Amino acid sequence: MRKTTCSKCGGPMEESRVGKYGYCKKCHAKNMRDNRPKWTPVYFEEKQKMRARSRSRDYVNKGYIVKERCVLCGKKDTEVHHRDYADPLNVLWVCKDCHAAIHKAHELIKIVNSKPAAPIIKGIKRRKRKSDGMPSDIQR
Ligand SMILES: [Zn+2]
Ligand SMILES: [Zn+2]
Ligand SMILES: [Zn+2]
């Protein structure tokens with residue numbers, strides 16, 4: 001005998017779904033809604049992280065952001081920490097050890113995020129150019 005009731009809500013199944021699906025249209029829609037938010041924000045976040053990393057790497061490579069000592073321990077060998085991935089150039093320099101530590105400890109990340117961000121040299125040049133009309137070869 002063909003199953004004509006939804007296996008989820010027990011309600012009647014649409015004729016077009018009988019024999020093909022186990023649940024009704026409404027439950028199917030609900031299922032889609034429940035599943036979607038589970039991956040979309042994570043996916044978005046990953047994309048945003050990737051974009052932020054490549055943007056800041058680009059700035060470091062061009063010399064717009066100059067490598068500094070670790071804001072926490074002063075070690076020389078540092079890497080970029082993003083305070084906010086939505087703001088890719090809002091970065092701080094931390095060493096590998098401190099970086100690993102701050103992403104594990106809530107208190108540490110608060111301390112790091114309260115420090116001033118690494119300066120962007122490009123921004124300073126651009127502002128200067130506007131006010132005193134320096135040649136345009138400074139900015140690409
Ligand atoms: Zn149903
Ligand atoms: Zn450090
Ligand atoms: Zn970080």
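In this predicted model, the largest nonpolar core counts 15 residues, and the members touching the most others are Cys70, Val71, Leu92, Trp93 and Val94. Two elements, strand S2 (91-95) and helix H2 (96-102), each put in at least two residues of this core. The top contributor is S2, which gives five.

That fits with how S2 itself sits in the fold. The strand is mostly covered, with five of its five residues buried. Its side chains split two ways: Val91, Trp93 and Cys95 point to one side of S2, Leu92 and Val94 point to the other, and all of them are buried. Val71 ties in here as well. Once neighbours within four places in sequence are set aside, Val71 is in contact with Leu92, Trp93 and Val94, and also with Val112 and Lys115.

S2 also has a strand partner. S1 and S2 run antiparallel and are joined by five bridges. One residue pair can be picked out by name: Glu79 has Val94 in S2 as its bridge partner. Val94 thus turns up in several roles, as one of the core residues touching the most other members, as a contact of Val71 and as the bridge partner of Glu79.

Stepping back to the whole chain, the protein has four helices and two strands. Read from the N terminus, the order of elements is α-β-β-α-α-α. Burial is counted for 16% of the 140 residues. As for how the chain folds back on itself, take the contacts with a separation of 6 or more: 37% of them join residues 24 or more positions apart.

Two exposed positions go with the first helix and what follows it. Glu46 lies in helix H1. It is classed as exposed because 11 other C-beta atoms lie within 10 Å, and the cut-off for that class is 12 or fewer. Even so, Glu46 has a sequence-distant residue to report: Tyr85 is 39 residues away in sequence, with a C-alpha to C-alpha distance of 9.7 Å.

Gly63 is placed in the loop between helix H1 (25-62) and strand S1 (78-82). This glycine has 10 C-beta neighbours inside 10 Å, so it counts as exposed too. For Gly63 the sequence-distant residue is Ile121, 58 residues apart along the chain, and the two C-alpha atoms are separated by 7.7 Å.

Key: Residues numbered from 1 in each chain as written. Chains lettered and ligands numbered in written order. Predicted model: local features only at pLDDT ≥ 70, side-chain atom pairs only at ≥ 80, totals over all residues. Buried ≥ 20, exposed ≤ 12 C-beta atoms within 10 Å, placed from the backbone. Contact = placed C-beta atoms within 7 Å. Core = buried A, V, L, I, M, F, W, Y, C linked by C-beta atoms within 7 Å. Pairing = 2+ DSSP bridges.
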